[in-house]
Amino acid sequence: MKSHIQALFLVLISTCCYTTHAQQEEEILMLKARSYKDSIVLRWVPKDLASWRLMNAQGITVVRVNTLTQEEKVLTSTLLKPYSLETWKTQTDTTNIFVATAAQCLLGETKVTTEIANQHFSTQLLAAKEQNNTLAFAAMSADFSTQAADGLAFRRADKDVNPTETYTYHLEIDGKRISNPYMQRTEDDWKPSKVVGVESEVVQNSVEITWPKTENNSKFSGYYVERSTNGKNFTRISKSIVKATPSVTYTQRQRYTDEDVVIGKTYTYRVIGVTAFADFGRYSEIVSARVTSLQNVFPVQQLKLNAKDESTVNL
């Protein structure tokens, strides 16, 4: 009985020590992972601008622990830091808007403007208070481009994995854990999902395509909308990404308006989502809409009332 009490005491002591230690380590990076069977990809984002500056200056170490054997392995031979300007030029496609935006956020002297945001992302990319938030633009660029994520040092691929093993990852700066631990089984490989609940509606000589946020935004960071005039050959009409917005923002549904339509024609639409790992999902079900002319509605400029009695009014 005494030995059991001593064992329990030791467990409680070790738990308290771990809790105290964990409290001392501030988690300034939010980490998640995804398995592709032959590799596990890690993605993270700083919690604020100060955290971003710290990781850029100090560099990151990526650590993996085998949950069965408790073997610890450092995955980065050197400190992981963002690309230099020369590396951006030589190892990335800077004509890609997400890559260019990431590089601008990291190295540029000027912030990404509202005009750039509206032109290349979507008019509802960010809440108004975030329009000049450089970190927000950088994080979103990393969501939609692996080159942008690599260049920002927001991503790392672990290609030395065993298909039957489970690993726990975390990030460190100067030997201190600065992210949440994230456990990932290799066999739980990612499978693409499709956007659900897509609907179309003709509104004032345009077509509105909508889909519910609740069912889709937990899986996707953004969307593209495609259109067809024959139901077979589709063309992307949302040149900019339709950014996933919170349910409390605007409406409970994501929305894209197609204004380039001709009265009398029928159009077919489909939507595809993009995840925070820059993976494309599967296409949604197809929806159609026929654009018809609006009825002429004339405004009432003057209205005269002629009361015959207390209960009857002639217009």
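Here are three short exercises on strands and aromatic rings, each with a worked solution.

This is a predicted model, where local features need pLDDT of at least 70, side-chain atom pairs count only at pLDDT 80 or more, and totals for chains, interfaces and linings use all residues. Residues are numbered from 1 along each chain as its sequence is written, and side-chain values use heavy atoms, with hydrogens and water left out.

**Exercise 1: the sheet**

Work out in which order the 3 strands of the open sheet are arranged, and which strands stand at its edges.

*Solution.* Start with the terms: strands are DSSP runs of E with at least two residues, numbered from the N terminus, and two strands pair if DSSP finds at least two bridges between them. Next, read the order, which is E9-E10-E14 with antiparallel pairing. Strand E9 (199-202) and strand E14 (253-258) each have a single partner strand, so they stand at the edges and one side of each is left without a neighbour in the sheet. On average, neighbouring strands are turned by 25 degrees against each other, direction ignored; the axes here are lines fitted to C-alpha atoms. Finally, zoom in on E10 (residues 207-212), which pairs with E14 over 6 bridges in the antiparallel sense. Thr210 stands opposite Arg255 in E14.

**Exercise 2: two ring pairs**

Classify the pair Tyr83 and Trp88, then do likewise for Phe98 and Phe144.

*Solution.* Rings of Phe, Tyr and Trp (its six-membered ring) pair if their centres lie within 6.5 Å; planes under 30 degrees apart count as stacked, over 60 as edge-to-face and the rest as tilted. The whole structure holds 8 aromatic pairs. For Tyr83 and Trp88 the centres are 5.6 Å apart and the planes at 70 degrees, so this pair is edge-to-face. Phe98 and Phe144 are tilted, with 5.4 Å centre to centre and 50 degrees between the planes. Phe98 lies in helix H4 (residues 97-107) and Phe144 in helix H6 (residues 134-144), so their pair ties together parts 46 residues apart in sequence; helices are DSSP runs of H or I with at least four residues.

Now add accessibility: buried means under 20% relative accessible area, exposed over 50%, partly exposed in between (1.4 Å probe, protein chains only). Tyr83 is partly exposed at 22%, whereas Trp88 is buried at 1%. Phe98 is buried at 6%, and Phe144 is buried at 9%.

**Exercise 3: charges over rings**

Find which ring lies under the charged end of Arg270.

*Solution.* The criterion is NZ of Lys or CZ of Arg within 6 Å of the ring centre and within 35 degrees of the ring normal. Arg270 sits over the ring of Tyr283, 3.7 Å from its centre. Arg236 lies over the face of Tyr224, at 3.8 Å from the ring centre.

Terms used: Axes are lines fitted to C-alpha atoms, for helices over the stretch in contact, and angles run from 0 to 180 degrees between N-to-C directions.
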